[in-house]
Amino acid sequence: LTSLNSAADSNHTCDIVYDDRSDRFSETNSTQNNPGAERAKKVYSVLSKRNKAIANVQHFAEVPVEFLPDILSSIRDYSEYHLQEGDVPKKDDSDVESVSIVYEILRRWDKALTMFESLSDCKTR
């Protein structure tokens, strides 16, 4: 999954299982896992992998800066996928801390810097 949209749109109710006896992967429907938690895990996995390469911001070029509070809130929500109700996936050891993604976005997204600069100008007037 290379984009957030494909991660969000993928099937969240199946498991991919490896059978070492037949050396094959099979797809099974799963009613055990919480589909919302599965979706959050997949989206957060993409954000985590991009964060390791400091590559999240380049994917936000077309996103209006007014969505920044929603983006930051979503990062927090997606990072807590393993805390949701019901049978949920375990936290992936390859996940970065959500604060790392938030820092990357606030530090590297030019639109976010412009917004903070304009807010600081308002306070000095």
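The exercises below walk through a predicted model of a protein, each with a worked solution.

Residues are numbered from 1 along each chain as its sequence is written. Because the model is predicted, local features need pLDDT of at least 70 and side-chain atom pairs count only at pLDDT 80 or more, while totals for chains, interfaces and linings use all residues, and side-chain values use heavy atoms, with hydrogens and water left out.

**Exercise 1. Find where confidence is lowest and where it is highest.**

Begin with the whole protein, whose pLDDT (the predictor's confidence in each residue, from 0 to 100) averages 77, with 73% of the residues scoring at least 70. Then turn to the elements, which are DSSP runs numbered from the N terminus, helices being H or I with at least four residues and strands E with at least two. Strand β2 (residues 24-29) has the lowest confidence, at a mean of 54, whereas helix α4 (residues 98-108) has the highest, at 91. Where pLDDT is low, the predicted coordinates should not be read in detail.

**Exercise 2. Work out how the buried residues of α4 are arranged around its axis.**

First list the buried residues (buried is under 20% relative accessible area, exposed over 50%, partly exposed in between, with a 1.4 Å probe and protein chains only): in α4 they are I101, E104 and I105. Seen down the axis of α4, these residues fall within an arc of 90 degrees (taken from the directions from the helix axis to the C-beta atoms), so they line one face of the helix. The face turned away from this buried side carries the exposed residues V99 and Y103.

**Exercise 3. Describe three residues, I54, N56 and A61, in the loop between α2 and α3.**

Take I54 first: this residue, in the loop between α2 (35-52) and α3 (68-79), has a positive phi of about 50 degrees although it is not a glycine. Most residues other than glycine have a negative phi. I54 counts as partly exposed because its relative accessibility is 46%.

Next comes N56, which is placed in that loop and is buried, with a relative accessible area of 0%. Leaving aside neighbours within four places in sequence, N56 is in contact (heavy atoms within 4.5 Å) with L47, R50, N51, I101 and E104; of these contacts, I101 and E104 are among the buried residues of α4.

Finally, A61 lies in the loop too and is partly exposed, at 47% relative accessibility. From A61 to K111 there are 50 residues in sequence, and the C-alpha atoms of the two are 8.6 Å apart in space.
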